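These are my notebook entries on one structure, written down in the order in which I looked things up. I began with the overall fold and then went on to helix packing, the largest pocket, backbone angles and a few single residues.

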Amino acid sequence: LFLFIALLINIFTIRFFDAPLKNEVCKSGITSFELAKDIDKSIAILHSWDTNAKINMSLSLGFDFLFLIIYSSFIALLIYWVNTVLWKNKAIYPLGKGLITLIFLAAFFDVIENIALIKLLLGDVRQLWSYVAYYFATIKFAIVFVCVIFLLINGIILLIKRPKKVI
C-alpha cells in the first residue's frame, strides 16, 4: 500500500513537471526527449524550452530517480505475489523470477537514461547522449511493458481462478 501511494504521488508530480515541456516540437514532454535519438531532434527540443521548462525538466529528472526505485519495487512485489500465488512449483514460475530481475534492470537503465538526459540538458549536446537516452529508454519501456502485460494476464487468471480470495 505504501509503494502504491508513493507511486501515485510520484506519477502526479512528474506529470505536473512534464506539462510545461509539451509544445509543438516536444509533443509528449519528457518522453519525446527520451526518445529523440537524433542529436538534431534533441537540440530542437532543448531550444523549444524556455528557462521555466528547463527547470521543470530538471525537477522531473530529479523525481524520476525516486520514481524508478518506487515503480520497480512496486512491480517486482506484484510479480512476486502473483508468481507465488499462481505458479509456485510450476514450470512458469522461473518466468516470474526472471521478470523481477528484469524490472530492476529496467530501473538501472532508467538511471543511465537520466544521466544522458542530464548531460544534454546541461549543454553537453553530443550524439552519444541522444543515443544512450534513446536506447536505454527503449529497452526500459519494453521491459516495463512486458512486466505489466504479465501482471495483467495473471490478474485476469487470479480473478477467474480465485475470485473469493482475491476480492
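Entry 1, terms and fold. Before placing any residue in a helix, I note that a helix here is a DSSP run of H or I with at least four residues, numbered from the N terminus. I also note that the model is a predicted one. With that definition in hand, I counted 7 helices and 0 strands in the protein chain, and reading along the sequence I wrote the pattern down as α-α-α-α-α-α-α. I then looked up the extent of the C-alpha trace, which spans about 55 × 30 × 25 Å along its principal axes. For burial I looked at the chain as a whole, and of its 167 residues 41% count as buried.

Entry 2, α4 against α5. I described each helix pair by the angle between the axes and the distance between them. For α4 and α5, I found that the axes come within 8 Å and cross at roughly 175 degrees. Since angles over 145 degrees count as roughly antiparallel, that makes α4 roughly antiparallel to α5. I sorted the residues of this contact by class and obtained 21 nonpolar, 7 polar and 4 charged.

Entry 3, α5 against α6. Next I took helix α5, which covers residues 93–121, and found that it packs with α6 at an angle of about 150 degrees, the axes being 8 Å apart. These two helices are therefore roughly antiparallel to each other. I looked up the handedness as well, and α5 passes α6 in a left-handed crossing. The contact of α5 with α6 has 21 nonpolar, 2 polar and 4 charged residues.

Entry 4, the largest pocket. Which elements give two or more residues to the lining of the largest pocket? I first noted that this pocket has a volume of about 640 Å³ and that 24 residues line it, with Ile11, Ile14, Asp64, Phe67 and Phe141 lying nearest its centre. The elements I was after are α1 (2–18), α2 (30–34), α4 (51–87) and α6 (127–161). The largest share of the lining, 7 residues, comes from α4. By class, I recorded 14 nonpolar, 3 polar and 7 charged residues in the lining.

Entry 5, positive phi. I searched the backbone angles with the expectation that most residues other than glycine have a negative phi. Lys37 came up with a positive phi of about 65 degrees, although it is not a glycine, and I placed Lys37 in the loop between α2 and α3, the latter being residues 39–48. Lys37 counts as partly exposed because its relative accessibility is 32%. Asn89 also came up, with a positive phi near 65 degrees in a residue other than glycine, and I found Asn89 in the loop between α4 and α5. Is Asn89 buried or exposed? At 73% relative accessibility, Asn89 counts as exposed.

Entry 6, Leu128 and Val132 in α6. I placed Leu128 in helix α6 and noted that Leu128 is partly exposed, with a relative accessible area of 43%. I then came back to Lys37, whose C-alpha atom is separated by 9.2 Å from that of Leu128, the two residues being 91 residues apart along the chain. Val132 is found in helix α6 as well, and with a relative accessible area of 16% I entered Val132 as buried. For Val132 and Ile149, which are 17 residues apart along the chain, I recorded a C-alpha separation of 26 Å.

Entry 7, Ile143 and Ala6. Ile143 lies in helix α6, and I entered Ile143 as buried because its relative accessible area is 11%, the limit for that class being under 20%. The C-alpha atoms of Ile143 and Ala106 are separated by 6.3 Å, and these residues are 37 residues apart along the chain. Last, I looked up Ala6, which has its place in helix α1 and, at 12% relative accessibility, counts as buried. The C-alpha atom of Ala6 is separated by 9.0 Å from that of Tyr71, with 65 residues as their distance along the chain.

Conventions. Residues are numbered from 1 along each chain as its sequence is written. This is a predicted model: local features need pLDDT of at least 70, side-chain atom pairs count only at pLDDT 80 or more; totals for chains, interfaces and linings use all residues. Side-chain values use heavy atoms; hydrogens and water are left out. On a 1 Å grid over the protein atoms alone, a cavity is a set of points where a 1.4 Å probe fits but cannot get out, and a pocket is an open set with protein on both sides within 12 Å along at least five of seven lines; lining residues have an atom within 4 Å of a point. Grid points are joined across faces, edges and corners, and a volume is the space filled by probe spheres set on the points. Ala, Val, Leu, Ile, Met, Phe, Trp, Tyr, Cys and Pro count as nonpolar, Asp, Glu, Lys and Arg as charged, and the others, Gly among them, as polar. Buried means under 20% relative accessible area, exposed over 50%, partly exposed in between (1.4 Å probe, protein chains only). Axes are lines fitted to C-alpha atoms, for helices over the stretch in contact, and angles run from 0 to 180 degrees between N-to-C directions. Angles under 35 degrees count as roughly parallel, over 145 as roughly antiparallel, 65 to 115 as roughly perpendicular and the rest as oblique. A crossing is left-handed if the near helix is turned anticlockwise from the far one by less than a right angle, and right-handed if clockwise.
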